[in-house]
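Please consult the sequence and the structure shown below. The report that follows treats salt bridges, solvent exposure and overall fold.

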Amino acid sequence: MSSRAFRVFCALLLAVSGGLAGAADFTGPDSCKGCHPEAYDAWMKSKHARATETLAEGQKKDARCLSCHAPDQAEQQLSAVTCETCHGGGQYYSPSYVMKDPELSRLVGLVDPSEKQCRTCHDASSPSLRPFDFKEALKAIDHWSADRARKQTRADATPAPKTPAPATAKK
């Protein structure tokens, strides 16, 4: 079976056995930390990780406020904007063998956040007085550069596989 056919088979198997990643399929931000420590640290220092801390006590009970400051709290008991708020529930894409295959990880639920997705909270109706500039906002939440640099350093340090010497003909 080809690699592509296998990935499609796995995605179909997951879909039939209980659906693709959804709200009930969250693993929590600590599950991301093991493979993405730099991204996790950047998230921990971000406003997203402390989103509910900016709310007054009354706002912490207001569904309109929580829909952005803790969008996964009702189903997941997560009182912040976490990795999976933006990247989708990780139950099916979090295993390392899946994450190593970008096509498969997206097939089973990994989301690449878009400006449209960010604007579901960062929009004109937001109480924030500052306009939302997507490109600038991405710089403020950059949690991928350090992670990519670590992976590149590791790849550069890994010696290339030795190629066998060509066979010489015996006389």
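## Glu57 and its salt-bridge partner

In this predicted model, Glu57 is exposed, with a relative accessible area of 54%. Because the threshold for the exposed class is over 50%, Glu57 falls within that class at 54%. The side chain of Glu57 forms a salt bridge with that of Lys60, at an N to O distance of 3.4 Å. Lys60 has a relative accessibility of 33% and is classed as partly exposed.

## Further salt bridges

The search of the whole structure yields five salt bridges, one of which is the Lys60 and Glu57 pair. Another joins the side chains of Arg119 and Glu115, with N and O 2.9 Å apart. Arg119 is partly exposed, at 33% relative accessible area, and Glu115 is likewise partly exposed, at 33%.

Lys139 and Glu136 also form a salt bridge, in which the closest N and O atoms are 3.0 Å apart. Both residues belong to helix 10 (residues 134–140), where three residues, about one turn of the helix, separate them in position. Lys139 is exposed, with a relative accessible area of 58%, whereas Glu136 is partly exposed at 43%.

## Fold and surface

The chain contains eleven helices and zero strands. Among contacts in the chain with a separation of 6 or more, 57% are between residues 24 or more positions apart.

Of the 171 residues of the chain, 25% count as buried. The exposed area of the chain is about 12100 Å², and carbon and sulfur atoms contribute 60% of that area.

How values were computed
Residues are numbered from 1 along each chain as its sequence is written. This is a predicted model: local features need pLDDT of at least 70, side-chain atom pairs count only at pLDDT 80 or more; totals for chains, interfaces and linings use all residues. Side-chain values use heavy atoms; hydrogens and water are left out. Helices (H or I, at least four residues) and strands (E, at least two) are DSSP runs, numbered from the N terminus. Buried means under 20% relative accessible area, exposed over 50%, partly exposed in between (1.4 Å probe, protein chains only). Contact means heavy atoms within 4.5 Å. Accessible areas come from the Shrake-Rupley method with a 1.4 Å probe; for residues, only the protein chains shown count as cover. A salt bridge is a side-chain nitrogen of Lys or Arg within 4 Å of a carboxyl oxygen of Asp or Glu.
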